[in-house]
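This report walks through one protein model for a reader who has not met it before. Please keep the sequence and the structure in view while reading.

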Amino acid sequence: MKKNKVSKNWIIRQKRDIYVRQSHVDGFRSRAVYKLKQIDQKFKILKNNSIFIDLGAAPGSWSQYLAEKFNKSQIYSIDIKKMEDIKNVHQIIGDFTDSKVQKDLKKLINTKADVVLSDMAENTTGNKNVDAIVTGELCKSAMDFAGEILSKNGVFVSKIFMGLSFNEIVAEAKSIFKETHVYKPLSSRKESKESFIICKILR
Ligand SMILES: C[S@@+](CC[C@H](N)C(=O)[O-])C[C@H]1O[C@@H](n2cnc3c(N)ncnc32)[C@H](O)[C@@H]1O
């Protein structure tokens, strides 16, 4: 399909999408917020007075939600892209896979975190196998970091694509955490290979 036909289809789909429309009504920057809300409704993972790390945060709907709902918490948001500032959110611009970025983040927080969230994804290539592998690598990197920075009862949530590395990632999660679930929220598009891995309590 030609590029301008793809973007035309994308615009039509966005206009029809109930979550896109709802995000405008609710004042969120992205429909992605409903994925986090639905994950939390099911697994009850978010609480006030927490230290949250939001990886792949831009344009910022997850951070907006955390800052509004859990206003006695600390929120650290990381993305390669700069996003518009959000009150009470500490924004870090950088590539999370860069070890220096991770080291600086640990230094900045200087204690254990309660929740590590990752919605990191690269632009999709159209090749579902390649996309699954690339997103899988981001998920693994976030999970290793979560294993180091989370408190004992900490929570890790990450986007994951069904594909070649899926079983390997779930097995790794089970070796790090006592509880592991895979869940596709209703707001995650049916045609997308996206799902989320939800992990609790370090081994
Ligand atoms: C689906 S968007 C996240 C949407 C976000 N959760 C929200 O609620 O607005 C994925 C983000 O991951 C970011 N990303 C991809 N690779 C990254 C990396 N290596 N380090 C940091 N951010 C990354 C992209 O720049 C993009 O903004």
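Helix α3 (residues 33-43) has as its buried residues Val33, Tyr34, Lys35, Leu36 and Ile39. Here, a residue is buried if 20 or more other C-beta atoms lie within 10 Å of its own, exposed if 12 or fewer, and partly exposed in between, with the C-beta atoms placed from the backbone. Helices (H or I, at least four residues) and strands (E, at least two) are DSSP runs, numbered from the N terminus. The model is a predicted one, in which local features need pLDDT of at least 70 and side-chain atom pairs count only at pLDDT 80 or more, while totals for chains, interfaces and linings use all residues. Residues are numbered from 1 along each chain as its sequence is written.

The buried residues of α3 pack against α2, α4, β5 (150-161), β6 (177-183) and β7 (194-202); two residues are in contact if their C-beta atoms, placed from the backbone, lie within 7 Å. After α3 comes Lys44, which has a positive phi near 50°.

**The sheet**

Seven strands make up an open sheet of mixed pairing, in the order β3-β2-β1-β4-β5-β7-β6, where two strands pair if DSSP finds at least two bridges between them. At the edges stand β3 (89-93) and β6, each with a single partner strand, so one side of each is left without a neighbour in the sheet. On average, and with direction ignored, neighbouring strands of this sheet are turned by 15° against each other, the axes being lines fitted to C-alpha atoms.

Strand β1 is largely enclosed by the rest of the structure, because four of its five residues are buried. It runs parallel to β2, to which it is joined by five bridges, and Asp54 has Ser77 in β2 as its bridge partner. Strand β4 (residues 113-118) also pairs with β5 in the parallel sense, over five bridges, and Ser118 stands opposite Ser158 in β5.

Gly154 is another residue to look for in β5, and it counts as buried because 22 C-beta neighbours lie inside 10 Å. Leaving aside its neighbours within four places in sequence, Gly154 is in contact with Ala113, Asp114, Val115 and Leu202. Its C-alpha atom is separated by 9.3 Å from that of Phe177, although the two residues are 23 apart along the chain.

**The nonpolar core**

Which members of the largest nonpolar core touch the most others? Among its 50 residues, they are Leu55, Val116, Ala142 and Phe156. A nonpolar core is a set of buried Ala, Val, Leu, Ile, Met, Phe, Trp, Tyr and Cys residues joined through C-beta atoms within 7 Å. Helix α6 (residues 128-149) gives the most to this core, with nine residues. With neighbours within four places in sequence left aside, Val116 has contacts with Ile53, Leu55, Ala142, Phe145, Ala146, Ile149, Leu150 and Phe156.

**Around the ligand**

The shell around the ligand has 23 residues, of which Ala32, Gly56, Ser61, Phe96 and Asp119 come nearest; a residue belongs here if its C-beta atom, placed from the backbone, lies within 6 Å of the molecule. By class, this shell has twelve nonpolar, five polar and six charged residues. At least two residues of the shell come from each of α4 (61-69) and β2 (74-79).

**Loops and backbone details**

Most residues other than glycine have a negative phi, and most peptide bonds are trans. Two asparagines with a positive phi are set side by side below.

| Residue | Phi | Loop | C-beta neighbours within 10 Å |
|---|---|---|---|
| Asn88 | about 70° | between β2 and β3 | 15, partly exposed |
| Asn110 | about 60° | between α5 (99-109) and β4 | 6, exposed |

The peptide bond from Ala58 to Pro59 is cis, with omega near 5°, and Pro59 has its place in the loop between β1 (51-55) and α4.

Asp17 sits in the loop between α1 (3-16) and α2 (18-26), and it counts as partly exposed because it has 14 C-beta neighbours inside 10 Å. Between the C-alpha atoms of Asp17 and Arg31, which are 14 residues apart along the chain, the separation is 9.1 Å.

Terms used
Ala, Val, Leu, Ile, Met, Phe, Trp, Tyr, Cys and Pro count as nonpolar, Asp, Glu, Lys and Arg as charged, and the others, Gly among them, as polar. Axes are lines fitted to C-alpha atoms, for helices over the stretch in contact, and angles run from 0 to 180 degrees between N-to-C directions.
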